[in-house]
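Work through the exercises below with the sequence and the model in view. Try each task before reading its solution.

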Amino acid sequence: MLFCHSQPESYHQHSASYIRDALAPFLKNEEVRLTAGNGAKRTPFQYILCAASSPAVRQQEESLTYLNQGQSYEIRMLNRKLVEYTDISSKYVKSIVRVVFHDRRLQYMEHQQLEGWRWSRPGDRILDIDIPLSVGLVEPRSHPLHLNTIEFLWDPVKNASVFIQVNCISTEFTPRKHGGEKGVPFCIQVDTFTTNEHGEYMEHVHSSSCQVKVFKPKGADRKLKTDREKIDKKALQDREKYQPSHDNTLLKECSPWPDALTVTSHSSSSTPSPHLLPSTPPQDAQQWLHRHRFSPFSRLFCSFSGADLLRMSREDLIQICGPADGIRLYNTMKGRCIQPRLTIYVCQQQASPGIVHGDCSCVSSCVSCVFPAVYHALYLEELTLLDLSKKIASLYSIPPQQITHIYRQKPSGIHVLVSDEMVQNFRDETSFILSIIRGHYFKVNLITHC
């Protein structure tokens with residue numbers, strides 16, 4: 001579904017012109033930097049946060065932008081015409097926007113910090129997307145478990161804008177100290193992907209970010225005013241030591257977030273083992289964590305191999321990941337299976353040579369009088385005909401959709417059509433001799449083994 005804030009075409013033309021004019025100093029400096037080497041390729045995308053940068057930041061330091069809690073701020077995504085980038089073949093690209101910690105020390109404790117915030121603010125999100133104001137977005141999503149992440153598709157040929165709301169303030173992650181608090185800086189990062197050969201948005205193409213601090217409502221405006229007054233009081237030669245303030249903030253190119261690298265490597269590598277083994281390298285261990293819904297811990301365990309993870313005790317994982325996720329991670333690593341609701345045993349009969357019924361062969365005689373019958377166990381997690389059909393199809397390499405009927409042959413010889421209710425009344429560990437009639441479609445007959 002396409003979410004698009006309705007605006008006339010003249011609006012988009014004016015918007016593009018406004019961006020070029022307002023950000024001319026940014027784009028000029030970026031062009032010089034990115035084309036310094038012969039044949040250097042210009043960055044494929046440019047993202048602009050529509051919020052003023054602080055003038056109280058020294059030269060050569062990263063820019064700092066102040067935001068108000070809960071206020072909608074626009075991130076404009078410049079189309080490829082402005083940056084002359086035409087190497088993308090897919091119609092849409094996927095962008096993931098994150099609010100993360102700028103401080104490396106807090107990055108290592110990110111999961112614990114975010115879990116603490118989740119418990120103190122139940123039902124709230126750190127980052128939200130303001131869909132009614134956004135322009136040109138397709139399938140915008142907010143993951144229920146990743147409170148600091150949003151994602152969406154957009155067409156790089158057209159102008160697109162996403163309006164974001166940051167609902168936490170910088171001082172929520174600062175321990176209280178005598179004399180007041182000093183809020184920690186955040187980082188707004190945008191990672192962009194294009195499609196691989198399978199049409200999945202897993203090929204990383206660009207990442208950029210900027211540093212921000214979030215204040216209570218109206219607090220960002222007061223802080224920006226204070227910074228400007230502070231700089232205005234300085235002598236002219238001292239002012240030159242600080243960066244000029246701009247009405248908009250250009251996100252600078254950066255390294256991709258670790259999750260982005262994991263997604264890219266997952267798309268290009270061979271099919272990994274479904275189990276975590278001691279020989280599993282750190283890169284495959286990261287993929288294993290993502291496949292089993294442990295993405296919030298991927299950064300924490302980024303350098304852990306399979307052996308490192310498997311050495312950890314249940315208590316270690318609970319202490320690191322919390323009770324719920326720690327227990328789930330421990331059980332998943334140990335490969336503990338869910339107890340099946342029903343177990344039945346089946347043995348396929350082998351047809352005597354030359355026995356044919358009509359246009360299809362009937363597999364209906366005993367395995368052999370010489371060799372004992374060999375049974376296979378079918379473990380049903382759901383007491384349904386569909387689950388039984390899937391397990392039989394998987395065991396005998398039959399397309400599930402080609403099994404038309406399953407019958408149960410009673411000792412009297414009558415054939416009863418198997419239903420969900422009949423499956424629910426199967427006795428646990430009942431054994432059947434299985435007869436399969438093969439043709440364009442398959443019919444399965446369960447003969448009770450007395």
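The exercises concern one sheet in this predicted model.

**Exercise 1.** Give the order of the strands in the open sheet of five strands, and name the edge strands.

Solution.
- Step 1: Strands of a sheet pair through backbone hydrogen bonds, either parallel or antiparallel.
- Step 2: Reading across the open sheet, the order of the five strands is β6-β9-β4-β2-β12, and the pairing is antiparallel.
- Step 3: An edge strand pairs on one side only, as do β6 (127-129) and β12 (249-250).

**Exercise 2.** Find how many bridges join β6 to β9, β4 to β9, and β2 to β12. Give a residue pair for each.

Solution.
- Step 1: β6 is joined to β9 by three bridges. Here I129 stands opposite I164 of β9.
- Step 2: β4 (residues 72-78) is joined to β9 by six bridges, and the two strands run antiparallel. E74 has F163 in β9 as its bridge partner.
- Step 3: β2 (residues 46-49) is joined to β12 by two bridges. I48 has L250 in β12 as its bridge partner.

**Exercise 3.** Why is strand β9 (residues 160-166) described as largely enclosed by the rest of the structure?

Solution.
- Step 1: A residue counts as buried if its relative accessible area is under 20%.
- Step 2: A160, V162, I164 and V166 point one way from β9, and these residues are buried.
- Step 3: S161, F163 and Q165 point the other way, and they are buried too.
- Step 4: Seven of the seven residues of β9 are buried, so the strand is largely enclosed by the rest of the structure.

Technical notes. Residues are numbered from 1 along each chain as its sequence is written. This is a predicted model: local features need pLDDT of at least 70, side-chain atom pairs count only at pLDDT 80 or more; totals for chains, interfaces and linings use all residues. Side-chain values use heavy atoms; hydrogens and water are left out. Two strands pair if DSSP finds at least two bridges between them. Helices (H or I, at least four residues) and strands (E, at least two) are DSSP runs, numbered from the N terminus. Buried means under 20% relative accessible area, exposed over 50%, partly exposed in between (1.4 Å probe, protein chains only).
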